[in-house]
Amino acid sequence: MNGKTKDPPAFLLAGGRPLNASGAVRLMARAFEGIPSPSVAYVGTANGDSAVFFAMIKSLLTKAGAGRVTPVKLAKNKADVGAAKNILACADIVLLSGGEVEDGMNLLEKRGLIGFIKDMYAGGKRFIGMSAGSIMMGSHWVRWEKPEDDATAELFDCLGIVPAVFDTHAEDEDWKELKTVLRLLGDGSRGYGIPLHGMIGADGRGTLVNLEKTLLTYVNDNGQIRELRN
């Protein structure tokens, strides 16, 4: 990034609770740089197209300088996928909102939009992720058949527009889910924790840039998950 790559930028925000509204507005404005009053396509698959989520994020986007913010409605059984594609294609920026990563990916797959989203990114579309949306932009995430039994943990694919594994605002849980992903990926795998209210820039070649707070790096070292420190 920083002018050294032709890949389109992606911005991954951690978000988290409590919400720092003024901080989120500032970070979103930074992600808008170079696109005055951008139109934003809001993807809320991770929260089932929650109207409450949309109203909250739309307010932040508008305060950050966004122009039109349009929800891409995909949760209803009779979702209009053609209309959704048109909204996505016409927007300057696509925002993937927070919620549950697996729910978000399942809906995108069900609507046949994963390849479409990847093609948009490859074609130069700017993306912003928030919380679960940031995780979805990475390569993998984890689910448990039985939440209390780690032996039932398994990986599933995310969008992979940034070829890395991410977790967001999970300090209080000592990044348990991220560490589980790395155990399943095996020796030498690496993943990143974006701290509460943090943000990074990324590109399709895996270049990562700290923009707000320091990204945490974990590696699977012969089965042991450890943090890499500078």
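Glu-227 is partly exposed, with a relative accessible area of 24%. Its side chain forms a salt bridge with Arg-229, and the closest N and O atoms are 3.2 Å apart. Arg-229 itself is exposed, at 68% relative accessible area. The model is predicted. It holds six salt bridges.

**Salt bridges**

- Salt bridges that share partners join Glu-102, Arg-143 and Glu-154 into one network.
- Inside this network, the side chains of Glu-154 and Arg-143 meet in a salt bridge, 2.8 Å from N to O.
- Glu-154 sits in strand β7 and Arg-143 in strand β6, so the pair ties together parts that are eleven residues apart in sequence.
- Glu-154 is partly exposed, with 41% relative accessible area.
- Arg-143 also counts as partly exposed, at 25% relative accessibility.
- Another salt bridge links the side chains of Asp-221 and Arg-226, at 2.9 Å from N to O.
- Asp-221 counts as partly exposed, at 35% relative accessibility.
- Its partner Arg-226 is partly exposed too, with a relative accessible area of 40%.

**A charged residue without a salt bridge**

- Arg-126 belongs to strand β5, which covers residues 126–130.
- Is Arg-126 buried or exposed? Arg-126 is buried, yet it has no salt bridge.
- The nearest side chain of opposite charge is that of Glu-33, 7.0 Å away. A salt bridge needs the side-chain nitrogen within 4 Å of a carboxyl oxygen.
- Which residues does Arg-126 touch, not counting those up to four places away in sequence? They are Pro-9, Phe-11, Ala-31, Phe-32, Glu-33, Ile-35, Asp-92, Ile-93 and Val-94.
- Glu-33 therefore appears twice for Arg-126: as one of the residues it touches, and as the nearest side chain of opposite charge.

**A negative patch on the surface**

- Four residues gather in a patch of negative charge on the surface: Glu-145, Glu-148, Asp-149 and Asp-150.
- Where does Asp-149 lie? Asp-149 is in the loop between β6 (140–144) and β7 (153–157).
- Asp-149 counts as partly exposed, at 30% relative accessibility.
- Asp-149 and His-169 are 20 residues apart along the chain. Their C-alpha atoms are separated by 23 Å.

**Two positive phi angles**

- Asp-174 is not a glycine, although its phi is positive, at about 55°.
- Trp-175 is also a residue other than glycine, and its phi is near 55°, a positive value.
- Asp-174 is found in the loop between β8 (165–168) and α7.
- Trp-175 lies in the loop between β8 and α7 as well.
- How accessible is each of the two? Asp-174 counts as partly exposed, at 45% relative accessibility. Trp-175 counts as buried, at 2%.

**Buried residues in helices**

- Thr-180 is part of helix α7, which covers residues 176–185.
- Thr-180 is buried, with a relative accessible area of 7%.
- What does Thr-180 contact, leaving aside neighbours within four places in sequence? Its contacts are Val-142, Trp-144 and Ala-153.
- Leu-60 is in helix α2, which covers residues 51–63.
- Leu-60 counts as buried, because its relative accessibility is 4% and buried means under 20%.
- Leaving aside neighbours within four places in sequence, Leu-60 is in contact with Leu-19, Ala-21, Ala-24, Val-25 and Met-28.
- Leu-60 and Glu-33 are 27 residues apart along the chain, and their C-alpha atoms are separated by 16 Å.

How values were computed. Residues are numbered from 1 along each chain as its sequence is written. This is a predicted model: local features need pLDDT of at least 70, side-chain atom pairs count only at pLDDT 80 or more; totals for chains, interfaces and linings use all residues. Side-chain values use heavy atoms; hydrogens and water are left out. Patches are made of residues with over 30% relative accessible area and no salt bridge: like charges are joined within 9 Å, nonpolar side chains (Val, Leu, Ile, Met, Phe, Trp, Tyr) within 5 Å. Accessible areas come from the Shrake-Rupley method with a 1.4 Å probe; for residues, only the protein chains shown count as cover. Lys and Arg count as positive and Asp and Glu as negative; His and the chain ends are not counted. The place of a charge is taken as NZ of Lys, CZ of Arg, CG of Asp or CD of Glu. Helices (H or I, at least four residues) and strands (E, at least two) are DSSP runs, numbered from the N terminus. Buried means under 20% relative accessible area, exposed over 50%, partly exposed in between (1.4 Å probe, protein chains only). Contact means heavy atoms within 4.5 Å.
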